[in-house]
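Here is a short report on how one protein chain is held together. It covers contacts, strand pairing, the nonpolar core and the covalent link.

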Amino acid sequence: MRTFKRSATTAVILAALASTAALATAAPASAASYHCKTSSHTVDDPSYSGPDSDNWDLDVTLCAMRSGGYIYTTATVYWDGPYTAKNRNTYTFNNAKFQVQTKKSVSGTDPVVKSAAYNGLEYALEHSSSHGNGSYSTGTLKYKAGTGSRYLADGYIQLDWSGDGKSYLKPILFTASPVV
């Protein structure tokens with residue numbers, strides 16, 4: 001009789017462990033993930049008119065995610081700058097920033113509900129690789145989602161070129177993320 005009790009207890013423990021292991025390896029039914037959109041823009045350095053290439057090809061990925069009652073938005077900038085960017089490095093920009101926006105999706109113009117400027121873009125651009133390439137990721141904005149409301153990530157770059165005698169030029173706009 002004693003052997004039967006041990007066997008039954010062992011069987012129950014093994015069954016409990018097996019079901020726990022199955023739950024631990026199963027994917028959640030609705031795992032949160034970012035919904036992203038990448039768009040591109042080419043920018044000419046207005047302060048340089050020499051013989052070398054001076055265009056900056058910018059790709060921006062804007063992402064939004066809904067998780068736990070919050071909306072998270074972020075952006076990453078990738079660029080292929082002129083190969084001479086490394087030579088001119090800290091003399092290229094006076095300022096450069098990426099403005100990330102969390103917007104509520106409505107009919108008409110989507111209102112901004114949260115926004116932040118990331119000025120680290122200037123340093124990243126001016127310290128590109130020896131081929132003029134690089135990337136920069138902003139921080140992540142967190143916003144409490146309204147019930148039944150939908151949101152998206154949007155953003156733009158503003159550049160203040162060194163040597164052109166002007167401040168920030170008009171914003172360089174990119175395509176917003178899908179709505180979440």
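Contact here means heavy atoms within 4.5 Å. The model is predicted: local features need pLDDT of at least 70, side-chain atom pairs count only at pLDDT 80 or more, and totals for chains, interfaces and linings use all residues. Residues are numbered from 1 along each chain as its sequence is written, and side-chain values use heavy atoms, with hydrogens and water left out.

## Strand pairing around β3

Helices (H or I, at least four residues) and strands (E, at least two) are DSSP runs, numbered from the N terminus. Two strands pair if DSSP finds at least two bridges between them.

Strand β2 covers residues 55–67 and strand β3 covers residues 70–80. They pair in the antiparallel sense. The two form a hairpin with two residues between them. In the turn, G68 has a positive phi of about 55°.

Strand β3 also pairs with strand β7 (residues 141–144) and with strand β6 (residues 133–137). Both pairings are listed below with that of β2.

| Strands | Sense | Bridges | One bridge pair |
|---|---|---|---|
| β2 and β3 | antiparallel | 11 | L62 and A75 |
| β3 and β7 | antiparallel | four | Y72 and K142 |
| β3 and β6 | antiparallel | five | T76 and S137 |

In a regular strand the side chains alternate between the two faces of the sheet.

G69 sits in the loop between β2 and β3. What does G69 touch, leaving aside its neighbours within four places in sequence? G69 is in contact with Y143, K144 and A145. The C-alpha atoms of G69 and K144 are separated by 6.2 Å, although the two residues are 75 residues apart along the chain. Burial is graded by relative accessible area: buried is under 20%, exposed is over 50%, and partly exposed lies in between (1.4 Å probe, protein chains only). G69 counts as partly exposed, at 33% relative accessibility.

## The disulfide

A disulfide is a pair of cysteine sulfur atoms within 2.5 Å. A search of the whole structure finds one. C36 and C63 form it, with their sulfur atoms 2.0 Å apart. C36 lies in strand β1 (residues 35–44) and C63 in strand β2, so the pair ties together parts that are 27 residues apart in sequence. Why is the disulfide called right-handed? The torsion about the S-S bond of C36 and C63 is about 115°, so the disulfide is right-handed.

The two cysteines differ in burial class. C36 is partly exposed at 38% relative accessibility, whereas C63 is buried at 9%.

## The salt bridge and strand β4

A salt bridge is a side-chain nitrogen of Lys or Arg within 4 Å of a carboxyl oxygen of Asp or Glu. How many does the structure hold? There is one salt bridge. K103 forms it with D154, and the closest N and O atoms are 2.9 Å apart. The pair links distant parts of the chain: K103 is in strand β4 (residues 93–104), D154 is in strand β8 (residues 151–161), and they are 51 residues apart. K103 is buried, with a relative accessible area of 15%. D154 is buried too, at 13% relative accessibility.

Q99 is also in strand β4. Q99 counts as buried at 11% relative accessibility. Its side chain makes a polar contact of 2.6 Å with that of S115. A polar contact is a pair of N or O atoms within 3.5 Å; within protein, one must be able to donate a hydrogen and the other to accept it, and residues adjacent in sequence count only if both atoms are side-chain atoms. Beyond neighbours within four places in sequence, Q99 is in contact with S115, A116, A117, D154, G155 and Y156. D154, the salt-bridge partner of K103, is thus among the contacts of Q99.

## The nonpolar core and strand β8

A nonpolar core is a set of buried Ala, Val, Leu, Ile, Met, Phe, Trp, Tyr and Cys residues joined through side-chain atoms within 4.5 Å. The largest one has 30 residues. Which of them touch the most other members? They are W79, F98, L121, I157 and L159. The elements that give two or more residues to this core are β2, β3, β4, β5 (112–118), α3 (120–126) and β8.

L159 touches V43, F93, N95, A96, L125, S167, Y168, L169 and I172, not counting residues up to four places away in sequence. Q158 is in strand β8 and is buried at 13% relative accessibility. With the residues up to four places away in sequence left out, Q158 touches N95, A96, K97, Y168, L169 and P171. N95, A96, Y168 and L169 are among the residues touched by L159 and also among those touched by Q158.
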